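Work through the exercises below with the sequence and the coordinates open. Try each task before reading its solution.

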Amino acid sequence: MQSKRQIAHDMLAVAVILLSLAYFCSCTTSRKMNNESDKQPQADSVDIFVPTHPPVVVPHSWRESGKK
């Protein structure tokens, strides 16, 4: 029968192997997603401009325009 220390070392080895496999899979998945996103058309190639945010309006009174 194995000692508790040997069982703990075996469990640690299994955990390290599983975590390294999960890390490897996540890295390959993110690489695939980055490669696919590079193939999408760039924003400069679009003929019609679509704004990404509403226009910024700075409030001024009519008196402030003459002071500049």
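**Exercise 1.** State what percentage of the protein chain's residues count as buried, and how much area the chain exposes.

*Solution.* The model is predicted. Start with the count: the protein chain has 68 residues, and 0% of them count as buried. Then take the area: the chain exposes about 7300 Å². Carbon and sulfur atoms supply 64% of that area. Last, the secondary structure: the chain has 2 helices and 0 strands.

**Exercise 2.** Find which residues make the nonpolar surface patch, then place Leu21 in its element and classify its exposure.

*Solution.* List the members: Val14, Ile17, Leu18 and Leu21. Together they form a nonpolar surface patch of about 370 Å². Next, locate Leu21: this residue lies in helix H1, which spans residues 4-38. Now classify. The relative accessible area of Leu21 is 47%, so the residue is partly exposed. Patch members need over 30% relative accessible area, and Leu21 has 47%.

**Exercise 3.** Decide how many disulfides the structure holds, and explain why Cys25 is or is not bonded to Cys27.

*Solution.* Recall the chemistry: a disulfide is a covalent bond between the sulfur atoms of two cysteines. The cut-off is a sulfur pair within 2.5 Å. Check Cys25: its closest cysteine sulfur belongs to Cys27, 9.3 Å away, which is too far for a bond. Check the partner: Cys27 is in no disulfide, and its nearest cysteine sulfur is that of Cys25. The structure therefore holds 0 disulfides.

Finish with exposure. Cys25 has a relative accessible area of 44%, so this cysteine is partly exposed. Cys27 has 25%, and is partly exposed as well. The buried class would require under 20%.

Terms used: Residues are numbered from 1 along each chain as its sequence is written. This is a predicted model: local features need pLDDT of at least 70, side-chain atom pairs count only at pLDDT 80 or more; totals for chains, interfaces and linings use all residues. Side-chain values use heavy atoms; hydrogens and water are left out. Patches are made of residues with over 30% relative accessible area and no salt bridge: like charges are joined within 9 Å, nonpolar side chains (Val, Leu, Ile, Met, Phe, Trp, Tyr) within 5 Å. Accessible areas come from the Shrake-Rupley method with a 1.4 Å probe; for residues, only the protein chains shown count as cover. A salt bridge is a side-chain nitrogen of Lys or Arg within 4 Å of a carboxyl oxygen of Asp or Glu. Helices (H or I, at least four residues) and strands (E, at least two) are DSSP runs, numbered from the N terminus. Buried means under 20% relative accessible area, exposed over 50%, partly exposed in between (1.4 Å probe, protein chains only).
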